[in-house]
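Okay, thanks for making time, everyone. I'd like to walk you through one model today, starting from a single residue and working outward. Let me put it on the screen.

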Amino acid sequence: MQALLLLADGRFPAGGHAHSAGVEAAVADGRVTDLASLTAFAEGRLRTVGLVDAAVAMATATRLAPGQGWDLVLRLLDRLDAEVDARTPVPALRAASRRLGRQLLRVAGRCWPSPLLAVAANRGQDPHQAVALGLAGVAAALSVVDVGALSVHHCLTTPMQAGVRLLGLDPYAVVAVTAGLAEMAAAVVAEAATYADGPLGELPARSATLADIAAVAHGAADGRLFAT
């Protein structure tokens, strides 16, 4: 339980505080202006990248276990990362995902020392964030469902909390709306679980084209508060 709570805590030093999950770009171009539009943005993210990331994290946790042969682990991590690359068309978002994966592995390795995390951290390429979350879940002895729930939790809370900072929204109202999305979040975890032990090539590949386009422009924006 302690590991689950730590990984869910926004104060866990894995770098997520520096990201808005696309909300800053959406505020800048007028797609998000208030709590209602922020909620709609978060719901859309949950059904697209939220499902993809949860499925990847759960697929990672399903396939990896302490004591596996390291050659098999490395091949599997390469394949999982390639699947995420194929589902992340914006180079800046790929790079951000790998930075977040590196940071998550670094802090997880301090909290739950594991040869699995050490091998992943030193293989010469940073894992994507969703893959790193699956690895951290295995090292912390979390269930596959817990890993999926963590992924969805961060997918939802990252944009909602960024909206508080960017729009000056009432934090109580934002948290209340976030709590109200619990049923939708649980449904996304349940759907992601159906892909967890299936062929990796059949992992979901949903995206939001407008958000991807905005992410390209955001990378060159002056005075931005968030990395993404």
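So, which residues does L135 touch, not counting residues up to four places away in sequence? Going through the list, L135 contacts T60, L64, L77, L105, L116, L117 and A120. Keep in mind that this is a predicted model.

Now zoom out a bit. L135 is among the residues with the most contacts inside the largest nonpolar core, along with L64, L104 and W112. That core has 63 residues. And the element that gives the most to this core is helix 3, residues 35-63, with 13 residues.

Okay, next up is helix 7, residues 129-139. Helix 7 is mostly covered, with 10 of its 11 residues buried. The buried stretch reads A130, V131, A132, L133, G134, L135, A136, G137, V138 and A139. What's doing the covering? For the buried residues of helix 7, the cover includes helix 3, helix 4 (70-86), helix 5 (91-111), helix 6 (115-121) and helix 8 (144-167). And have a look just past the end: right after helix 7, A141 takes a positive phi of about 60°.

Last thing, the cysteines. How many disulfides does the count come to? Zero, taking sulfur atoms within 2.5 Å as the cut-off. As for where a couple of them sit, C111 is partly exposed, at a relative accessible area of 35%, whereas C155 is buried, at 5%.

That's my tour, happy to rotate the view if anyone wants another look.

Notes. Residues are numbered from 1 along each chain as its sequence is written. This is a predicted model: local features need pLDDT of at least 70, side-chain atom pairs count only at pLDDT 80 or more; totals for chains, interfaces and linings use all residues. Side-chain values use heavy atoms; hydrogens and water are left out. Buried means under 20% relative accessible area, exposed over 50%, partly exposed in between (1.4 Å probe, protein chains only). A nonpolar core is a set of buried Ala, Val, Leu, Ile, Met, Phe, Trp, Tyr and Cys residues joined through side-chain atoms within 4.5 Å. Helices (H or I, at least four residues) and strands (E, at least two) are DSSP runs, numbered from the N terminus. Contact means heavy atoms within 4.5 Å.
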